[in-house]
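Q: Could you take me on a close look at one spot in this protein and the backbone around it? I'm new to reading structures, so please explain the terms as you go.

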Amino acid sequence: MEVLKNRKVLQDFIERQKEMGKRIGFAPTMGALHNGHLSLYEEARKENDLVISSIFVNPTQFNNPEDLEKYPRDINRDILILQNSGLVDAVYIPEVADIYPEKAESQQYDFDGLENEMEGKSRPGHFDGVGTVVEELFRQIQPDNAYFGEKDFQQLAIIKKMVEKKHLPVKITGVSIYRAENGLALSSRNQRLHEDRKEASKVIYETLKKVNDWFRTVTIPEIKERVADIFDDQPGMKLEYFLIADENTLQETDFFYKDRSFRAFIVVVVDGVRLIDNMHLD
């Protein structure tokens with residue numbers, strides 16, 4: 001596995017691969033790698049000649065400087081995980097100046113309102129930061145296919161919208177949420193939880209399964225009450241929000257429409273660690 005430590009080294013590498021006509025699959029990360037990230041590369045391996053990872057903690061998508069400072073970083077561990085996986089041919093580890101040559105600031109995007117729902121309500125500008133870094137990585141790496149986890153479903157929708165509106169020549173594939181044995185969605189943030197709290201947090205996934213059982217037989221207001229009651233009884237956990245939204249517009253709904261697809265979204269703070277999850281409703 002090649003480790004590409006700056007933009008010039010990356011450009012030379014990509015030029016060689018393109019000359020050989022290789023099909024490139026790519027999944028960007030912010031490090032703190034786990035099996036959820038590796039599941040993206042497993043998917044990429046099936047459809048591409050070359051698989052590239054990137055590790056870059058993007059400063060423009062953090063609203064809170066403390067969150068940026070606390071974000072787990074262990075680049076040597078991450079490189080070892082990628083090497084041992086056997087799934088990745090190269091990893092790009094840029095400096096801030098490789099992504100933002102002049103100043104680390106976001107472009108302004110219009111995502112047709114997707115950015116104003118859910119996470120966007122409490123994190124203004126966050127998705128501009130996501131769009132900026134992903135677009136720049138796409139332009140530098142020139143992938144044919146790119147892979148993103150469905151755990152961050154809103155982010156996935158926004159990247160698809162950006163690619164559509166910017167006419168970028170890359171196919172975006174969403175990969176199913178990778179879960180621990182107890183159902184907890186794997187996340188870099190989970191590393192900040194003690195093992196007993198990770199086990200307790202399986203209630204998040206169990207609740208989503210209950211919501212799917214209740215779907216179409218119980219009204220949405222009643223479902224929301226039941227979810228709130230569940231987390232009222234969980235010590236050390238705070239339900240930040242739960243909602244059901246249209247999968248295409250991400251707009252919250254209080255009523256089911258037969259010809260539309262819906263997804264349940266939940267955010268729970270466990271001992272100060274913010275965990276997000278979602279589930280398509282059958």
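A: Let's start with A32, which counts as buried because its relative accessibility is 3%. Buried means under 20% relative accessible area, exposed means over 50%, and partly exposed lies in between, using a 1.4 Å probe and protein chains only. This is a predicted model, where local features need pLDDT of at least 70, side-chain atom pairs count only at pLDDT 80 or more, and totals for chains, interfaces and linings use all residues. Residues are numbered from 1 along each chain as its sequence is written, and side-chain values use heavy atoms, with hydrogens and water left out.

Where does A32 sit? You'll find A32 in the loop between β2 (24–29) and α2 (35–47). The α and β names are for helices (H or I, at least four residues) and strands (E, at least two), which are DSSP runs numbered from the N terminus.

Now look at the backbone: the phi of A32 is near 50°, a positive value in a residue that is not glycine. Most residues other than glycine have a negative phi.

For a companion to A32, try D112, another residue other than glycine with a positive phi, near 60°. D112 lies in the loop between α5 (96–99) and α6 (119–122). What is its exposure class, buried, partly exposed or exposed? With 47% relative accessibility, D112 counts as partly exposed, whereas A32, at 3%, counts as buried.
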